[in-house]
Amino acid sequence: MDFSAIEFDDELRRFRDDEVRPFLDEQLTDDVLARERAEGNGFVPAYQRALAARGWLEPWLVDGPTTDGLDPVGAAVLDLEQAARVGPLFPVQGSHALVMQVVRQFGSDELKVELADGVHAGEIQACLGYTEPDCGSDAAAIRTRAVRDGDEWRITGQKMFSTGAHLCQFVMLTARTNPDVAKHQGITMFLVPLDRPGIDVQGIGTLGGERTNFVYLDDAHVDDRYRLGPVDQGWAIASGALAAEHGMGDASSADHRTAELRNVIASTAGWQGVLRDVLAAAEHWAATTILSDGTCVLDDPVVRVRLARIALDCAVSEFTPNPFRRVIASDVFVRDVADLVELIGPAALIREGEDGAIEDGMVEWAHRFAQGTSIYGGTTDIQRNLIAEHVLGLPRHRAVLRR
Amino acid sequence: MDFSAIEFDDELRRFRDDEVRPFLDEQLTDDVLARERAEGNGFVPAYQRALAARGWLEPWLVDGPTTDGLDPVGAAVLDLEQAARVGPLFPVQGSHALVMQVVRQFGSDELKVELADGVHAGEIQACLGYTEPDCGSDAAAIRTRAVRDGDEWRITGQKMFSTGAHLCQFVMLTARTNPDVAKHQGITMFLVPLDRPGIDVQGIGTLGGERTNFVYLDDAHVDDRYRLGPVDQGWAIASGALAAEHGMGDASSADHRTAELRNVIASTAGWQGVLRDVLAAAEHWAATTILSDGTCVLDDPVVRVRLARIALDCAVSEFTPNPFRRVIASDVFVRDVADLVELIGPAALIREGEDGAIEDGMVEWAHRFAQGTSIYGGTTDIQRNLIAEHVLGLPRHRAVLRR
Amino acid sequence: MLRRHDVSLAPEQGELRSAFAALFEKESPPARVRASEPLGFDRDLWSTLVAAGALTMSLPEAAGGDGGGLVDVALVAEQLGRRAAPVPLVEAVVASRVLARAETSRIATLALHPVASAQRQLVPAGAVADIVVGLEGDELVAFVGDDAPVPVTNLGSAPLAWRTLSGPGTRTVLARGRDARERFDVARREWKVLMAAAQTGLAQAALDLGVAYANEREAFGVPIGAFQAVAHALADVAVGVEGSRHLAWRAAWYSDHEPEHALEPALVAYLHAREVANRAASIAIHVQGGFGFTLESDLQLYFRRAKGWAVVSGDAHDDLRALGDVRYGTPG
Amino acid sequence: MLRRHDVSLAPEQGELRSAFAALFEKESPPARVRASEPLGFDRDLWSTLVAAGALTMSLPEAAGGDGGGLVDVALVAEQLGRRAAPVPLVEAVVASRVLARAETSRIATLALHPVASAQRQLVPAGAVADIVVGLEGDELVAFVGDDAPVPVTNLGSAPLAWRTLSGPGTRTVLARGRDARERFDVARREWKVLMAAAQTGLAQAALDLGVAYANEREAFGVPIGAFQAVAHALADVAVGVEGSRHLAWRAAWYSDHEPEHALEPALVAYLHAREVANRAASIAIHVQGGFGFTLESDLQLYFRRAKGWAVVSGDAHDDLRALGDVRYGTPG
């Protein structure tokens, strides 16, 4: 048990002041920040490449040329400094990291060699393609088909929620390779190059403002070397990766960087981080707003307990461990941001950039964004199923219709 | 649409002042009140008989000799005056009324004649016997058996939550008469006299302080005239009665008195009534408690919004119609009483009658009592199922185990 | 006290409700709601609504109205909410009742917050209103500004704008002192009653969309509505909507029949309705899963309006404080 | 600031936890908890616990203790809560730390509310304590009254009694002025930290009972735990318990290592733990259905103690106000 502060000794201070900050000054240009703000996907290719060149782009992902790398404390410093400049969005590249983990574990040597340089240079990014318009939580119900044709596969179908696909080079997707067996048994995993003929990426807006994508595949030809793992065994791979996404994974799986960091620092990413930033904005507003009767908003006892309640929720989210955190972090985020809209009142409704917007419209944005947190990466209902079955040992079940 | 006040004209005032109040002065003796307080079952035999003698005991239940009766407004006046003296408990005789409704609809003429005088005299009271130690929500899974033996049935089994059984003359119970068919199809309904050999009633305490009972039946012989409805058709009768208990019934069924009253007055019974009384107690405490700094508790802005929140919940419970009310009335009761324990603080923990108890320990009691409201007469989960299926038209389903 | 508790609609009330339900269904489909964004105003729909008498039904006959009451308008407002109709009916009715005249060619609105002097405030329908009614100091004022208002893009795509009650323009004092304050309080209370009805409509629409999706969308071989996680969440929304509707009716009834007792019912109805509407939309989005979070789903229209239409009147906790004041008197 | 976030237990901490888990499981079964009611004190169990060193482990070696910290006691307190053990360990440890001596033959407790003069207050363990430590005016006092305390029957079957810090008896002033206030605040904070751990234990026990029942009890042909209405409710409880535990550990760690920053973690842990424990017991009762509402079910023991052990320190909102004061300074 250890919650002690990490001292900024001379070396760490030097790293922050002489390496990280100058790097960010140079690379996080207004242009990069504007692009991130507009799309909210959490990465901008030019910045990715710069990180890679510096050796700071998740160097643990695939075997390959060595890089400078960062120890967990160094990585945390970089995260914090990034977050301070970019604001609540700009998540760590979770999907890409997940894909690379699967590639490292299940990709052929040939594929790994092919990808290594590009990944290390930050020029190859991958997104996920599990969800389809007709299947989300039931991820094994996919309809996308892949048919073998010599050394190639011909893939046809639709994927949804492939966030970042318009900026990525690959999508890791599940496709049905055998329709004649039980649904979990006929799925194969592929890392599909997005530049293939027959593939079309179309943007779709979300309530939170981020762009996500449909990926349409119309007889796209994909070489067999892009297959990940054995034919018809893709479900096990996808479930492992889903489990990691749900925070159910153990420290040795895809989650390893997170697991490693967990023992070192409080996570700076995740929704509890966003809620903390939104709370800070509301606290700033309350501390600097003087009412017509001359009192400060923050002197109102009712306001104080409501803000304290949210501070409590932030701490609860932060210190509730995985796989439990996802549920509570989303629940309190949705509830608390809704209350902050009320607390700030009419001006909280104004969009960023409009006359009278409060704290850059952050609460208005967060209220919309919050609705996605119970859905991203599998709904909180699925997460509760997992907790009930795998942690509490309650019976697995499925629903069947009566009559 | 009409929410207008019912004017106490001369006639109604005369009824209240010259009939109801003198009657209650005479009948609701300290002895009766003490007995009700101790057991919380909502009726005391002597008082029931007095009500019956006056013609005020639910005279609409069975056909038989006419009584003075009460119109809905008169009945409401009686309810209010009773409630003012007895406090939140002392519910209308819901179970007995339900049983009598079934008797009227399904009992043989012979049975009705046998019961009429006793019911009208308040000397026959009936309770329910649906639940068993191993079945509650799944009320068709009963194990109690009834075997035909000439003109009699021989009944063996256990019933639970037969509240009032120790004061009643009859229990209306479900028994399995055909174990070889689907569980819903082999059940018969009986009105079992509790004085038969082989029947044993044993009390069991509840968190809310009320006494409820086990009813053990060991080869109890019951004449066939106590059967209600056809053999093996008891499930339909029980479901109808359950539906009425769930508030799902229509105005023409067992619920008719409630339905009639609904267009006349706001209900005085139900948990929203209890919550309102608990709130009134807390408001009284807050208005009369002066803190060490000389301020009144009720001047604290945080206290005011919390009490106002509960007042809001009372109104929501009262004006949310059946079958929806049960869910919200229980939810807010549980939540709000828990907050009132906090609000009053340490002394809220003290039991009634002990040194320093607040408002006769009402909040301490209500916090315990509240936990039963999500269970009584079928859980709120079952109620949500009913709403989802019957009101929203969502699919009926059942759970099956996987693997 | 014994009170009647009759929540049935009279035949003519039922007909009114059906007529406007049909009008909004036809004239305010999602495509037209979307087309009205970000301003949140559809002038053709407004003309249709005025022609249908929605604005004047609750005005006295002497003022060119139909002599109806707030109950009638509440029935209409619920249907308006159900289709997220981009028309400032609630504001215009309330303001017209203050003005005691049918403003059919100009749009009148109510500035919901009393101001000491020429402070600006965010006014509902302020981006499209010609006349702003409000309380400035101890004067109840109708102000027609010279400058065109500037719409402010906002969460609910409502036609909000910063407006004042004085400045360049025509300023009419309708009342002063206690009379002014009382008439303003009545108007604000009526706005909350009608908004409670509109929020009930938003909640009903969100529930309907959630239920429809839960019946269609399959997962694990069954419609997702067969899962209790989905079914119970929607059942809870239904519980909320039914209570919200009856409370709104009751509040409107009190406004019409016992205005001296109407504040508590109004606050209760409004508090519950806005909470239910936000939760209904949030839960329905969750039920729709990923699709619900995209802008393709109509749920986002309702979700944004739930808070967007209500919070312009202020923090719900201020209404809770007001409810406390009604019950316990002003503190201190 | 970057902080470590290591929630692993050292081997000796794990052993300590297991040892006391075994002790309480053996020595505080439900029958013995029931037998201790309504007083809520089992003298034999108390002797066993003192002999096992639970009271002295966190006292300085100079004071006859083992020189351990609050983290160790928190691990014990969670196991105590898990078995609803009828022993005033939390109060006695905290009071002994104020007295800086191991009171093993007499029981010391802490009066949680500062009083101006000889006012009485409801004191946890007050019905069995010989020594009451508390703040009266600006004096930190240890008071041994002449009169035997009168137990007050209460929700949580805790040994509560009305006690004073002066009157007939022996009154020792331990500190005055700012020093007195600070030492009292530390004691009260430590009580909340340990109570957070005890409440985590109550919640864990309620969860375990709910899960066991959900796995055993069948309805509609399957264990009721197969219904999401049951499974998800229990999953939410599990989410609460896990957070509650880690927050309690963290609060204890700060008390031991950074007492100057320990108040916010203590308030956060205590607020979450008491909310989770009450909800856990309430939900588990609901899962057990009718049986859960009878006094036969052990859940009632946990349900009554959740609020019963915590509320003696006051309204949770007071801790929320205190959390606000830590973050925003005292208002005005």
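Trainee: Just after H5(D), which residue takes a positive phi?
Mentor: Keep in mind throughout that this is a predicted model. Helix H5 of chain D covers residues 89-99, and the residue that comes just after H5(D), with a positive phi of about 55 degrees, is D:Ala100.

Trainee: How many of the residues of H5(D) are buried?
Mentor: A residue counts as buried if 20 or more other C-beta atoms lie within 10 Å of its own. Among those in H5(D) that meet this condition are D:Leu89, D:Glu91, D:Arg97 and D:Val98, and the helix is described as mostly covered, since the buried residues number 10 of its 11.

Trainee: Against which elements do the buried residues of H5(D) pack?
Mentor: Helix H5(D) lies across S1, S3, S4 and S6 of chain D, and it runs at about 95 degrees to S1(D). Its buried residues pack against both strands and helices of chain D, namely S1, S3, S6, helix H3 (43-51), helix H4 (70-82) and H6.

Trainee: Which strands are the edge strands of the open sheet in chain D?
Mentor: This open sheet has four strands with mixed pairing, and their order is S1-S3-S4-S6. Neighbouring strands are turned by 25 degrees against each other on average, direction ignored. An edge strand pairs on one side only, and in chain D that holds for strand S1 (108-110) and strand S6 (169-176).

Trainee: What is the bridge partner of D:Glu139 in S6(D)?
Mentor: Strand S4 of chain D covers residues 139-145, and seven bridges join it to S6(D), the two strands running antiparallel. In S6(D), the partner of D:Glu139 is D:Arg176.

Trainee: What angle does the direction of H6(D) make with that of S6(D)?
Mentor: Helix H6 of chain D, residues 177-216, packs on the sheet and touches S1, S3, S4 and S6 of chain D. Its direction, set against that of S6(D), makes an angle of about 105 degrees.

Trainee: Turning to chain A, which residues form the covered face of strand S3(A)?
Mentor: In a regular strand the side chains alternate between the two faces of the sheet. In strand S3 of chain A, residues 152-159, the uncovered face has A:Glu152, A:Arg154, A:Thr156 and A:Gln158. The covered face has A:Trp153, A:Ile155, A:Gly157 and A:Lys159.

Trainee: Which residue in the hairpin of S2(A) and S3(A) takes a positive phi?
Mentor: Strand S2 of chain A (residues 145-149) runs antiparallel to S3(A), and five bridges join them; A:Val147, for example, stands opposite A:Arg154. The hairpin has two residues between the strands, and the one with a positive phi near 65 degrees is A:Gly150.

Trainee: Which residue in S7(A) does A:Gly157 stand opposite?
Mentor: Strand S3(A) also pairs with strand S7 (residues 211-223) of chain A, in the antiparallel sense and over seven bridges. In that strand, S7(A), the residue opposite A:Gly157 is A:Leu217.

Trainee: Which residues have the most contacts inside the largest nonpolar core?
Mentor: In soluble globular proteins, nonpolar side chains tend to be buried together. The largest nonpolar core here has 364 residues. Leaving aside neighbours within four places in sequence, D:Leu234 is in contact with residues of two chains, including A:Ala388, A:Leu392, D:Leu207 and D:Val287. The residues with the most contacts inside this core are C:Leu234 and D:Leu234.

Trainee: Which helix gives the most to the side of chain A that touches chain D?
Mentor: The contact takes 39 residues from chain A and 45 residues from chain D. On the side of chain A, H4 (72-86), H10 (301-319), H11 (325-344) and H13 (380-391) each supply at least two residues, and by class that side has 29 nonpolar, four polar and six charged residues. With 11 residues, the helix that gives the most is H10(A).

Trainee: How many residues does H7(C) give to the side of chain C that touches chain B?
Mentor: The contact takes 45 residues from chain C and 39 residues from chain B. By class, the side of chain C has 25 nonpolar, 12 polar and eight charged residues. The largest share of that side comes from H7(C), with 16 residues.

Trainee: What share of the residues of chain A score a pLDDT of at least 70?
Mentor: Some stretches of chain A deserve caution, including residues 248-269, over which pLDDT stays under 50 although the model has 47 contacts there beyond four places in sequence. The average pLDDT of chain A is 85, and the share that scores at least 70 is 86%.

Notes
Residues numbered from 1 in each chain as written. Chains lettered and ligands numbered in written order. Predicted model: local features only at pLDDT ≥ 70, side-chain atom pairs only at ≥ 80, totals over all residues. Contact = placed C-beta atoms within 7 Å. Nonpolar A, V, L, I, M, F, W, Y, C, P; charged D, E, K, R; others polar. Core = buried A, V, L, I, M, F, W, Y, C linked by C-beta atoms within 7 Å. Buried ≥ 20, exposed ≤ 12 C-beta atoms within 10 Å, placed from the backbone. Pairing = 2+ DSSP bridges. Axes fitted to C-alpha atoms, helices over the stretch in contact; angles between N-to-C directions. pLDDT = per-residue confidence, 0-100.
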